[in-house]
Number of protein chains: 4
Amino acid sequence: MIIAIKPGVSKDEIKKLITDLENLGVKVDASQGASQIVLGLVGDTTVINDEAVRANHLVERVIRVQEPYKRANRIFHPLDTVLEFKKENAKIGGSSFAVIAGPCSVESREQLVSVAEAVKKSGAAFLRGGAFKPRTSPYSFQGMGCEGIDLLVKAKKESGLPVVTELMEISQLELFEDIDMIQVGARNMQNFNLLKELGRSKKPILLKRGMASTMTELLMAAEYIMAGGNSQIVLCERGIRGFDNFTRNILDLAVIPALKKKTHLPVIVDPSHATGLSWMVPAMSKAAIAAGADGIIVEVHNDPEHALCDGEQSLTPDQFDNLMSTLRKYAEIEGKII
Amino acid sequence: MIIAIKPGVSKDEIKKLITDLENLGVKVDASQGASQIVLGLVGDTTVINDEAVRANHLVERVIRVQEPYKRANRIFHPLDTVLEFKKENAKIGGSSFAVIAGPCSVESREQLVSVAEAVKKSGAAFLRGGAFKPRTSPYSFQGMGCEGIDLLVKAKKESGLPVVTELMEISQLELFEDIDMIQVGARNMQNFNLLKELGRSKKPILLKRGMASTMTELLMAAEYIMAGGNSQIVLCERGIRGFDNFTRNILDLAVIPALKKKTHLPVIVDPSHATGLSWMVPAMSKAAIAAGADGIIVEVHNDPEHALCDGEQSLTPDQFDNLMSTLRKYAEIEGKII
Amino acid sequence: MIIAIKPGVSKDEIKKLITDLENLGVKVDASQGASQIVLGLVGDTTVINDEAVRANHLVERVIRVQEPYKRANRIFHPLDTVLEFKKENAKIGGSSFAVIAGPCSVESREQLVSVAEAVKKSGAAFLRGGAFKPRTSPYSFQGMGCEGIDLLVKAKKESGLPVVTELMEISQLELFEDIDMIQVGARNMQNFNLLKELGRSKKPILLKRGMASTMTELLMAAEYIMAGGNSQIVLCERGIRGFDNFTRNILDLAVIPALKKKTHLPVIVDPSHATGLSWMVPAMSKAAIAAGADGIIVEVHNDPEHALCDGEQSLTPDQFDNLMSTLRKYAEIEGKII
Amino acid sequence: MIIAIKPGVSKDEIKKLITDLENLGVKVDASQGASQIVLGLVGDTTVINDEAVRANHLVERVIRVQEPYKRANRIFHPLDTVLEFKKENAKIGGSSFAVIAGPCSVESREQLVSVAEAVKKSGAAFLRGGAFKPRTSPYSFQGMGCEGIDLLVKAKKESGLPVVTELMEISQLELFEDIDMIQVGARNMQNFNLLKELGRSKKPILLKRGMASTMTELLMAAEYIMAGGNSQIVLCERGIRGFDNFTRNILDLAVIPALKKKTHLPVIVDPSHATGLSWMVPAMSKAAIAAGADGIIVEVHNDPEHALCDGEQSLTPDQFDNLMSTLRKYAEIEGKII
């Protein structure tokens with residue numbers, strides 16, 4: 001931790017600041033630069049409250065050299081975390097490339113079973129489908145709720161695919177007992193109470209990056225869950241807000257190698273929400289595997305033109321099947337197993 | 001609602017689409033442009049599912065001319081909404097300029113009472129203070145919780161100022177009975193379950209704009225609460241995420257005249273969180289009133305250098321008192337009452 | 001073109017507006033919606049000055065349905081534009097995947113020749129190198145200037161590779177006679193005088209997307225050059241400004257399929273400037289080809305740690321050679337020739 | 001300057017790096033942190049090439065504590081720079097609040113003279129008007145060019161107001177002899193050749209912030225001009241690119257107090273281009289003076305509905321006159337002279 005002192009501060013004031021800081025248990029080195037004094041703090045600087053130091057009237061800037069996350073940090077946990085779904089023989093992380101596919105929202109038993117069978121046949125390892133839907137408008141379809149969860153559990157039994165669905169608030173948690181992986185949506189990435197609760201759960205968590213969240217904020221959100229004891233987390237890049245509107249969001253694929261360097265957690269990509277346009281999904285799915293992702297989560301609908309939600313971004317089962325054929329070739333080059 | 005058809009679509013296909021749309025109860029006018037056919041939909045277009053239309057393979061673009069919010073829309077409710085706190089003789093909206101002041105987080109009885117007295121003396125009409133704190137790191141101070149709420153209620157009794165504090169999840173709602181206005185933080189602006197619950201409450205709501213939310217998304221979040229029957233809402237601009245980092249966020253003051261045009265709800269500004277730097281707060285507070293805001297929410301701390309949270313952005317009581325003197329002069333020009 | 005009229009405008013006023021518009025040669029259809037009148041303009045709407053219409057006090061919104069670019073528009077020119085460098089047997093566009101490689105800046109004859117030989121051996125089809133360098137600081141190395149151009153021309157003769165280098169102002173144009181492709185940097189994308197001048201030139205142009213330019217603005221910049229008669233243009237995505245700083249910019253790969261749909265011009269990617277970090281360049285290069293790019297422009301330096309500019313983002317010749325091996329496998333899947 | 005070393009680097013490697021750095025003339029202090037070694041560089045660190053250090057394989061991060069600009073830095077020049085236009089008795093900076101007003105583009109002698117007289121009567125101190133116009137589309141009106149310059153010089157003689165107009169490329173400079181202040185547009189803020197040329201000129205420069213430029217980049221652009229010997233520079237905030245589109249740009253008013261702290265150069269605001277909407281201009285002009293700006297540059301047109309350019313954002317002379325009345329009241333509070 002580095003503290004740059006404002007110009008013109010007296011030696012006595014600096015001495016007092018150094019004593020205060022050393023009383024917290026760190027060692028302080030002062031360097032006299034050409035026009036500025038800089039303090040270097042050495043030792044366990046996690047005991048220092050950055051904000052209080054920044055508020056000190058002698059201080060110009062405070063710079064943390066170390067990352068603020070620990071359990072998510074690859075430095076302290078060099079090996080890749082791999083999530084295993086043993087009963088279904090599915091994995092996320094390591095040498096697997098996990099494909100999670102299904103409709104944006106669960107609409108009926110027929111729809112879900114038909115999509116589940118189709119995506120399984122094409123090689124998807126997980127089934128997705130929304131029961132509780134976060135919608136910008138209170139007047140839009142809000143999902144089937146509990147009934148949607150029931151249909152997902154039935155589809156899991158019929159297809160043998162583990163299921164992933166979004167949880168929107170803590171009180172829904174009891175409904176998710178038979179769900180295999182709980183999705184935290186982009187809008188809830190910093191719903192800290194929810195994250196703490198999920199830290200106490202034993203379920204695998206699919207944590208989506210917030211629309212305007214930095215990489216560090218995403219890792220701190222994961223850290224909230226891990227601090228509670230749950231480290232079964234998959235991170236998901238789903239597009240960030242940008243200034244152009246030819247796509248719904250800007251898919252930030254460079255975050256994949258960056259995250260893979262900083263953390264041991266698996267990283268997947270959601271090309272459907274990132275672009276909002278089904279004809280872009282294949283290109284962005286291929287780019288995701290090429291960039292080093294551990295998987296994708298893709299929307300597939302048997303009848304996109306009559307989908308109750310996000311039809312514009314859903315692949316048909318045929319389009320998805322074509323995509324999977326190409327992805328298998330890419331996976332081979334990258335030494336990944338689909 | 002306007003639908004641009006892709007080039008090369010046959011007349012029969014268009015005819016069928018028009019019939020489908022008219023069966024939903026709207027009238028459709030087709031115009032043949034130089035290189036494109038455009039459909040204009042007339043009537044109650046809220047029955048149309050935009051997403052399904054966008055997913056239609058004949059359609060290139062869908063453009064909604066009307067705003068998607070109704071209850072928040074000034075067109076349907078031309079007069080300003082004014083929130084009245086009768087017992088304390090305080091108002092937000094109309095010709096009032098409401099100043100809400102207090103510490104970032106409640107730290108102790110002494111701190112809160114001392115700040116409450118100071119800000120009241122300087123002319124603040126409301127006391128703020130955080131009991132539940134949304135913090136980026138799980139290792140930072142998370143607020144005093146229930147005890148903080150108790151201290152706020154006591155400070156309200158002693159000072160006579162109505163109190164505002166942030167709610168982080170639905171289950172906390174029962175603790176907020178004696179709180180006068182419930183704050184929904186930027187990270188919860190699209191926590192739709194929370195918004196629905198607050199719609200069923202009768203409490204005034206201070207709704208902060210999300211870090212990367214558009215003006216329309218903010219109004220749709222208000223619409224969620226209003227759709228439930230609660231229209232006691234104050235909107236708050238608190239800075240949006242930008243590409244530079246000399247301030248914590250970009251304070252978007254142009255949203256004030258824009259919101260005042262589009263909605264009847266009062267709009268206030270949080271210059272403390274927007275900038276993160278106490279020495280910028282006076283300039284941005286003055287700019288807020290000049291831009292037409294109905295109030296500000298400002299952090300004041302008796303000892304910013306030892307604040308447990310956000311000390312860097314807190315004014316001292318003296319700095320706040322100076323600011324209030326200047327704001328009164330501005331209010332006079334703008335015909336507002338502080 | 002669609003014009004939404006403000007609520008409350010009288011029939012006579014609308015009638016007058018329609019007459020004014022029809023006098024410009026277009027046909028106007030008026031539709032009476034539930035709460036708003038909408039005019040649809042049919043015919044050659046390029047004669048209409050949007051800004052004047054927007055400034056009209058009766059008008060609420062103006063929406064253009066058609067794209068504002070013509071020569072760059074794939075609708076009017078469905079086949080891919082392919083740039084051919086016959087003497088050197090190199091191509092950009094169509095089924096080629098063009099690799100342009102070389103140092104950020106030309107530093108010496110030895111450096112340039114050594115890099116040119118290395119990248120040619122690994123399969124690059126073009127040599128890049130900066131002679132005139134746009135630097136944020138006036139105190140940084142500004143490039144070798146004319147001498148750098150001379151060295152590039154010599155390297156071209158020795159290696160047989162066509163050369164690409166950046167032009168920073170019109171007066172430099174005469175120095176570029178033996179340069180094969182002129183690069184317009186991101187900061188000059190809307191230097192309209194320069195674009196017009198390049199429209200009069202016969203040289204192929206590598207046009208980089210501005211740091212905060214929309215896709216449409218990029219295509220309008222190309223349109224400036226094309227309107228002057230030069231349609232030998234390659235578009236280049238090089239990262240846009242974002243709110244995070246783990247990379248220098250956000251590489252927006254979704255713009256590739258979007259551009260390929262909207263325009264017939266080839267599109268390449270600059271993973272070096274986009275990320276600013278050499279260890280990310282291979283992942284982003286592979287993602288670029290996977291997303292459908294027609295090529296990449298990559299920085300390669302024989303001694304990155306002593307580069308005068310951007311060493312942090314340069315690959316060594318060995319790293320580049322490894323990358324090319326992988327890219328060839330990707331190209332095979334995509335049916336592209338490197 | 002601070003250099004964080006990667007974990008696991010050997011003592012010998014670090015020793016060698018320290019020796020290399022000290023050979024450049026700086027002193028290096030090494031601190032051993034809990035998990036990382038940090039070097040603090042003391043002395044004249046401007047001799048160090050950041051990029052080369054970043055490219056070093058031992059180095060994880062490089063942090064500059066000092067600002068990269070010198071001539072523009074208030075630390076080295078504490079007093080406000082004031083631009084004086086003696087003949088016309090006009091000033092920018094210090095206790096003046098300078099109002100620059102006029103049409104977006106010069107369209108005719110009648111238009112210009114009529115607007116000049118009107119804005120002078122209302123209290124504007126400078127006349128603005130575009131002769132060379134940077135337009136997104138090659139098919140839009142590009143300005144009257146030299147003839148426009150002539151009209152501006154005539155209007156200056158008739159009105160006695162100093163004139164400000166935009167220069168788009170170096171070769172136009174000779175036409176600007178009788179122009180009082182040269183505007184560099186947002187798109188040219190990093191046209192470094194142009195900046196260098198203006199450094200050799202003796203004319204006052206109005207330097208607009210680029211659409212996606214950081215505060216530091218703006219100051220570095222000023223530094224380019226100042227490094228050439230010209231320090232007659234006014235900085236101008238004109239809105240930055242954002243993710244919403246209710247205004248053309250996001251007006252970043254917090255940059256005003258930030259710039260006033262970091263530099264001695266005057267700072268003005270362009271509310272017309274920032275918002276693109278004339279009805280927002282008064283609110284944003286008042287907010288600008290409240291935030292501490294040294295002036296505004298505002299578009300005024302005698303007939304906005306027939307303006308050849310940007311009519312939607314132009315005030316009428318009457319609206320401008322009303323605005324000036326209010327601004328005078330604000331100026332009085334702020335101790336500024338209009």
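Which residues in helix 5 of chain A meet which residues in helix 6 of chain A? Let's work through that and a few more exercises on this predicted model.

**Exercise 1. Describe how helix 5 and helix 6 of chain A pack, starting from the question above.**

Step 1: list the residues. Helix 5 of chain A brings A:Phe192, A:Leu195, A:Lys196, A:Leu198 and A:Gly199. Facing them from helix 6 of chain A are A:Ala221, A:Tyr224, A:Ile225, A:Met226 and A:Ala227.

Step 2: get the geometry. Two packed helices are described by the angle between their axes and the distance between the axes. Here helix 5 (residues 192–200) and helix 6 (residues 215–227) of chain A have axes that come within 6 Å and cross at roughly 40°. That angle makes helix 5 of chain A oblique to helix 6 of chain A, since an angle has to be under 35 degrees to count as roughly parallel.

Step 3: add the handedness. Helix 5 of chain A goes past helix 6 of chain A in a right-handed crossing.

Step 4: sort the contact by class. You should end up with eight nonpolar residues, one polar and one charged.

**Exercise 2. Do the same for helix 3 and helix 10 of chain B, and say how the two helices are oriented.**

Step 1: take the angle and the distance. Helix 3 (residues 109–122) and helix 10 (residues 317–334) of chain B pack at about 20°, and their axes are 9 Å apart.

Step 2: classify. Angles under 35 degrees count as roughly parallel, so helix 3 of chain B and helix 10 of chain B are roughly parallel to each other. The crossing of helix 3 of chain B with helix 10 of chain B is right-handed.

Step 3: name the partners. From helix 3 of chain B come B:Val115, B:Ala118, B:Val119 and B:Ser122, and they meet B:Pro317, B:Phe320, B:Asp321 and B:Met324 of helix 10 of chain B. That contact splits into six nonpolar residues, one polar and one charged.

**Exercise 3. Sketch chain A as a whole: its elements, its extent and its burial.**

Step 1: count elements. Chain A holds 10 helices and 14 strands.

Step 2: look at the extent. The C-alpha trace of chain A spans about 75 × 45 × 40 Å along its principal axes.

Step 3: check the burial. Of the 338 residues in chain A, 59% are buried.

Step 4: look at the contacts. Among those in chain A with a separation of 6 or more, 65% join residues 24 or more positions apart.

**Exercise 4. Find out how chain B relates to chain A, and what the contact between them consists of.**

Step 1: superpose. A rotation of 180°, with 0.0 Å of shift along its axis, puts chain B on chain A at an RMSD of 0.0 Å. Within chain B, B:Ala212 comes closest to the rotation axis, its C-alpha being 3.0 Å away.

Step 2: count the contact. Chain B puts in 39 residues and chain A 38. On the chain B side, helix 2 (50–55), helix 5 (192–200) and helix 6 (215–227) each supply at least two residues, and helix 6 of chain B gives the most, with five. By class, that side of chain B has 17 nonpolar, 11 polar and 11 charged residues.

Step 3: compare the surfaces. Since 97% of the interface residues of chain B are also interface residues in chain A, the copies meet through the same surface.

**Exercise 5. Repeat the analysis for chain C and chain B.**

Step 1: superpose. A turn of 180° and a shift of 0.0 Å along the axis lay chain C on chain B with an RMSD of 0.0 Å. That is the relation of a two-fold axis. The residue of chain C that comes closest to this axis is C:Phe243, at 2.1 Å (C-alpha).

Step 2: count the contact. Here 23 residues of chain C touch 23 residues of chain B. Strand 1 (2–5), strand 2 (27–32), strand 3 (37–42) and strand 4 (59–63) of chain C are the elements giving two or more residues to the chain C side. That side divides into 10 nonpolar, nine polar and four charged residues.

Step 3: compare the surfaces. The copies meet through the same surface, because 100% of the interface residues of chain C are also interface residues in chain B.

**Exercise 6. Locate A:Asn89 and decide whether A:Asn89 is buried or exposed.**

Step 1: place the residue. A:Asn89 sits in the loop between strand 5 (83–85) and strand 6 (90–92) of chain A.

Step 2: check the backbone. Phi of A:Asn89 is near 60°, a positive value in a residue other than glycine.

Step 3: count neighbours. A:Asn89 has 10 C-beta neighbours inside 10 Å, so A:Asn89 counts as exposed.

Note on methods. Residues are numbered from 1 along each chain as its sequence is written. Chains are lettered from A and ligands numbered from 1 in the order in which they are written. This is a predicted model: local features need pLDDT of at least 70, side-chain atom pairs count only at pLDDT 80 or more; totals for chains, interfaces and linings use all residues. Axes are lines fitted to C-alpha atoms, for helices over the stretch in contact, and angles run from 0 to 180 degrees between N-to-C directions. Helices (H or I, at least four residues) and strands (E, at least two) are DSSP runs, numbered from the N terminus. Angles under 35 degrees count as roughly parallel, over 145 as roughly antiparallel, 65 to 115 as roughly perpendicular and the rest as oblique. A crossing is left-handed if the near helix is turned anticlockwise from the far one by less than a right angle, and right-handed if clockwise. Two residues are in contact if their C-beta atoms, placed from the backbone, lie within 7 Å. Ala, Val, Leu, Ile, Met, Phe, Trp, Tyr, Cys and Pro count as nonpolar, Asp, Glu, Lys and Arg as charged, and the others, Gly among them, as polar. Copies are superposed by least squares on the C-alpha atoms of residues with pLDDT of at least 70 in both. A residue is buried if 20 or more other C-beta atoms lie within 10 Å of its own, exposed if 12 or fewer, and partly exposed in between; C-beta atoms are placed from the backbone.
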